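Biologist: Please take one part of this model and go through it closely, in plain terms. I would like to see how the pieces around it fit together.

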Amino acid sequence: MVLPQHLRTLAGVGAEVSLQVDAPVTAARVLDALEARYPMLKGTIREYGTGKRRAFMRFFACAEDWSHTGMEAELPGAVAEGKEPLLILGAIAGG
Amino acid sequence: MSRVRVLVGTKKGAFILDSDGMRKDWKVSGPFFAGWEIYHVKGSPVDPNRIYASQSSSWSGQVLQRSDDGGATWAAVGNKFMYEGAPGTHQWYDGTPHPWEFRRVWHLEPSLTDADTVYAGVEDAALFKSTDGGANWDELAGLRGYGAGQDTHAPAWQPGAGGMCLHTIILDPSNAERMYIAISAAGAFRTDDGGKNWKPINKGLVSPFMPNPSAEVGHCVHHVAMHGSRPEVLFMQKHWDVMRSDNAGDTWHEVSGNLPTDFGFAIDVHAHEPETIYVAPIKSDSEHFPLEGKLQVWRSKTGGNEWEALTKGLPQQDCYVNVLRDAMAVDKLDTCGVYFGTTGGQVYASADAGENWAPIVRDLPAVLSVEVQTL
């Protein structure tokens with residue numbers, strides 16, 4: 001997966017992060033694995049309590065917007081196989 | 001020789017400014033957490049190497065940072081701020097009920113006796129406490145009336161222009177059970193039992209924008225300051241009016257005196273003279289800049305009412321910056337140093353209690369907070 005720059009800095013990682021995720025590969029499971037390895041990212045992509053995607057964070061996979069698809073939806077096979085990244089981007093919201 | 005370390009939070013990162021006791025030559029470090037809003041950075045009075053920083057952004061929410069080596073290195077600690085029980089509602093700007101939603105930490109107040117204990121004032125207004133160096137946070141929910149006997153009228157609280165923030169936390173050095181907090185726009189509150197029960201302490205405040213200008217809650221308190229040697233005396237910069245209490249907030253009276261405008265955000269007390277106080281007057285609630293483009297700190301040596309302008313070294317023309325509520329601080333050196341930051345990115349220092357000023361830095365991002373450690 002690919003994180004936005006400010007979260008790469010926070011976690012101390014490079015452009016791409018590889019994670020081992022058991023099937024079915026969903027955004028929720030990818031984030032579970034990400035947060036387990038990098039606990040400082042908890043609460044920064046999805047909210048505590050509700051587990052919802054934070055409003056200004058967007059998810060893309062295989063050139064499609066997955067932001068509104070739901071955390072439990074299965075991601076494209078290319079992402080599950082590690083051929084394509086799950087992209088997390090910050091919305092262009094000024095600031 | 002003693003040293004000072006100035007901790008600066010800005011809209012786009014944190015900075016640390018170091019100097020010796022002369023406070024003339026400065027080393028600037030940073031930005032730390034570049035690109036993030038740093039609402040507050042504050043060191044523990046027990047262990048000055050222990051520093052806490054509130055890091056947040058609209059995109060990624062709240063992160064809490066901790067340093068154990070005076071700001072050289074940092075590590076993210078706990079950022080899980082969950083309201084106790086059902087969060088309930090407060091008033092929205094239009095008076096309708098609005099659910100309590102956590103947004104960010106405005107203010108961090110390390111304990112006076114334990115480096116691992118720290119309080120966090122958050123938006124939407126609530127008070128949290130950590131006893132493990134910031135790893136875990138629990139709400140002191142009695143402030144919002146949750147599970148407590150006192151009615152703090154929390155459903156009637158409403159946000160100020162900057163959000164409904166708990167921005168001021170003052171610990172009483174003479175009484176471990178007593179603490180003060182302030183919320184925009186609810187007012188000031190006090191606990192006398194370590195945070196279980198709270199009561200509004202706003203008698204004497206008058207806010208003409210309210211339907212009942214003297215109501216028990218609803219006042220837009222901007223900041224409160226106390227001198228540790230006289231913890232029952234409090235000074236307040238309200239939305240308009242500079243106020244004073246001589247009885248731990250039970251009653252307040254106005255001490256704006258001859259100030260050219262009594263609107264402002266910041267207020268602080270001299271480190272060694274408990275009757276000497278400082279404010280940074282701002283023109284009005286719609287014009288957040290100094291009067292006539294002249295940046296001035298005003299000082300009272302009489303605990304209010306009689307004020308003098310301190311201008312030497314400060315821009316006296318074409319200056320239209322603001323000084324935010326947590327952006328003024330004092331050091332504890334013999335000749336008390338006074339510091340403040342501006343939304344124009346300047347941090348000014350005076351090594352002689354306000355007589356003369358010089359910028360430490362001129363071009364930081366907008367300054368949100370300034371704290372000083374005397375080492």
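Modeller: Strand β6(B) is mostly covered, with six of its seven residues buried. The model is a predicted one. β6 covers residues 61–67 of chain B. On one side, β6(B) pairs with strand β5, residues 51–57 of chain B, in the antiparallel sense over seven bridges. One of the pairs is B:Y52 with its bridge partner B:R66 in β6(B). The two strands are also linked along the chain, since a hairpin of three residues joins β5(B) to β6(B). β6(B) has a further antiparallel partner, strand β7 of chain B, residues 75–76, to which two bridges join it. Here B:Q65 has B:A76 in β7(B) as its bridge partner. As a general point, strands of a sheet pair through backbone hydrogen bonds, either parallel or antiparallel.

β6(B) also has a part in the contact between the chains. In that contact, 13 residues of chain B meet 15 residues of chain A. Strand β6 gives the most to the side of chain B that touches chain A, with three residues. By class, that side of chain B has five nonpolar, seven polar and one charged residues.

Further along chain B there is another sheet to compare. It is an open sheet of four strands in the order β26-β27-β28-β29, with antiparallel pairing. β26 (328–330) and β29 (358–361) of chain B stand at its edges; each has a single partner strand, so one side of each is left without a neighbour in the sheet. Neighbouring strands of this sheet are turned by 25 degrees against each other on average, direction ignored. At the β29(B) edge, three bridges join it to strand β28, residues 347–350 of chain B, and the two run antiparallel. Within this pairing, B:A349 has B:A358 in β29(B) as its bridge partner.

The loop that precedes β26 on chain B holds one more residue to look at. B:C319 lies in the loop between β25 (308–310) and β26 of chain B. B:C319 counts as partly exposed because it has 17 C-beta neighbours inside 10 Å, whereas a buried residue needs 20 or more. Leaving out residues up to four places away in sequence, B:C319 touches B:P290, B:G293, B:K294 and B:L295. B:E292 is 27 residues from B:C319 along the chain, and the C-alpha atoms of the two are separated by 8.2 Å.

Key. Residues numbered from 1 in each chain as written. Chains lettered and ligands numbered in written order. Predicted model: local features only at pLDDT ≥ 70, side-chain atom pairs only at ≥ 80, totals over all residues. Pairing = 2+ DSSP bridges. Axes fitted to C-alpha atoms, helices over the stretch in contact; angles between N-to-C directions. Buried ≥ 20, exposed ≤ 12 C-beta atoms within 10 Å, placed from the backbone. Contact = placed C-beta atoms within 7 Å. Nonpolar A, V, L, I, M, F, W, Y, C, P; charged D, E, K, R; others polar.
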